[in-house]
Amino acid sequence: MENILEKTTTENLLSNRVKAMEASATLAMAAKSRELKAKGIDVIALSLGEPDFDTPEHIKQAAKEAIDANYSHYTPVPGYLDLREAISNKFKRDNNLDYSPEQIVTSTGAKQTLANLMMCLLNEGDEAIMPVPYWVSYAAQIKLAGGKVIEISTNIDTDFKCTAEQLEAVITDRSKIFLFSSPCNPSGSVYTKEELEALVGVLKKYPKITIISDEIYEHINFTDKHASIGCFEAVKDRVVTVNGLSKGFAMTGWRLGYMGAPLWLAKACGKIQGQFTSATCSITQRAAIAALGDYLEPTYKMKDEFAKRKKLVHGKLNEIEGLKVNDPQGAFYFFPDASSFIGKSTPAGEVINDMDELCMHILNEGHVAVVTGSAFGIKECFRISYAMSEEVLTEAMRRLKACLEALS
Ligand SMILES: Cc1ncc(COP(=O)(O)O)c(C=O)c1O
């Protein structure tokens, strides 16, 4: 009998779904970075999206106690009830949002929360509107669910924020989702209450649009005025507020994301999650109750530390000739406009044709890893994470300046 498999390449064994997925630009950078490190080159990775701090002691303690108390069984899919009660209280305490425990679903990171939402809301060809730049995984998840990404362009001069007019101009009969993060990854921009109110002025006219507000950087906000779009009466019944412990509590590896959502959508997300992963880790859930309590001192300390680093990096970036820099109000990223370097030549005589090449050059010659803006939908910029010690950041900025200013 003919062996059909012999005629089949491994490539076409894969689903069209995964074949259509774009490879992550950050992965190429990470691979190259590892390659250089393996050769003994000291690369400074400013490409990572995670705090460099340790998880606060009281949270670790709660996890240890949970292990000893044998929290080792499957949990309810949306999470333990007392965890969802803690989240409901947190939403009220910090954000003045009213989500009952039944409206809350916890997941394996906010990434899964978002994936659940895309799978529950999007049919083939439905449109998800996002201001650019946006976090990399949004676009990949939307496309995987069959949706179409509709971009609203912004730039450094508008602090990377979109306006109500821009939003209204892209809304169609197929618009299903409006999604944004504030504070934003990668720009660090923070929408004020007034700016959100203007967007609500448009969104209230389109009841079929579900608003997804990703607030995972809530605690790293230097304005101290975090505003949630879910507070606005006119749209509150269709706002999903997404959050998680990764950034504000230095818990990236623990995997706990959560959302408050309309009940119909919370139930649907529970249904999807029940078939894919069930609930997130039981020990993490017990630790999360400690994290979400009233003791937030360690989180405030981390924010103060980020504020110092931001000031340092801001000053250094401003000294680099040709780089356009704004003053991000949240998260731990800068997203400078480096378009003036495109078309320039390296000391070896090679022309830099685009931002991907510029970032590769910064890595190869400057030994600093940053992420190209094209990964976030903007080709003029690159992202720098300043989740590093001041000493390391100072050295990284010295290298970056030398490398960029050597281009002619
Ligand atoms: C804007 C934004 N949303 C969501 C996430 C996902 O976070 P996690 O899955 O670790 O909770 C990240 C992580 O980088 C992020 O930057």
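For my residue classes, Ala, Val, Leu, Ile, Met, Phe, Trp, Tyr, Cys and Pro count as nonpolar, Asp, Glu, Lys and Arg as charged, and the others, Gly among them, as polar.

**Ground rules**

I am working on a predicted model, where local features need pLDDT of at least 70 and side-chain atom pairs count only at pLDDT 80 or more, while totals for chains, interfaces and linings use all residues. Residues are numbered from 1 along each chain as its sequence is written, and side-chain values use heavy atoms, with hydrogens and water left out.

**Entry: the largest cavity**

I looked for enclosed space and found two cavities of 30 Å³ or more. A cavity here is a set of points on a 1 Å grid over the protein atoms alone where a 1.4 Å probe fits but cannot get out, and lining residues have an atom within 4 Å of a point. Grid points are joined across faces, edges and corners, and the volume is the space filled by probe spheres set on them.

The largest cavity comes out at about 90 Å³. It is lined by 13 residues, and I noted Pro131, Pro133, Phe180, Ser181 and Cys184 as the closest to its centre. By class I get ten nonpolar, three polar and no charged residues in this lining. Strands S3 (127-131) and S5 (175-181) each put in at least two residues, and S5 has the largest share with three. Strands (E, at least two residues) and helices (H or I, at least four) are DSSP runs, numbered from the N terminus.

**Entry: cis prolines after S5**

I then checked the loop between S5 and helix H8 (193-203), where Pro183 sits. The Ser182 to Pro183 peptide bond is cis, with omega about -10 degrees. Pro186 belongs to the loop between S5 and H8 too, and its bond from Asn185 is cis with omega near 20 degrees.

**Entry: the second largest cavity**

This one holds about 40 Å³. I listed its lining as His219, Ile220, Lys247, Gly248, Thr299, Met302, Lys303 and Phe306. The classes split into three nonpolar, three polar and two charged residues. Both domain 1 (4-53 + 298-405) and domain 2 (71-291) give at least three residues to it; the domain bounds come from an automatic or database domain assignment.

**Entry: positive phi without glycine**

Ala250 has a positive phi of about 50 degrees though it is not a glycine. I place Ala250 in the loop between strands S7 (239-244) and S8 (257-260). Is Ala250 buried or exposed? At 8% relative accessible area, Ala250 is buried (buried is under 20%, exposed over 50%, partly exposed in between, with a 1.4 Å probe and protein chains only).

Ala331 also caught my eye, with a positive phi near 55 degrees. The loop between helix H11 (297-318) and strand S9 (333-334) holds Ala331, which is buried at 0% relative accessibility.

**Entry: helix H10**

How many of the ten residues in H10 (282-291) are buried? I count eight, so the helix is mostly covered by the definition of buried. They are Ser282, Ile283, Thr284, Gln285, Arg286, Ala287, Ala288 and Ala291. These residues pack against helices H3 (57-68) and H4 (81-95) and strand S2 (104-107), with contact meaning heavy atoms within 4.5 Å.

**Entry: Tyr74**

I finished in the loop between H3 and H4, where Tyr74 lies. Tyr74 counts as exposed, at 82% relative accessibility. Tyr74 and Thr280 are 206 residues apart in sequence, yet their C-alpha atoms are 9.0 Å apart in space.

Definitions and conventions: 1 Å grid on protein atoms, 1.4 Å probe; cavity = no way out; pocket = protein on both sides within 12 Å on 5 of 7 lines; lining within 4 Å.
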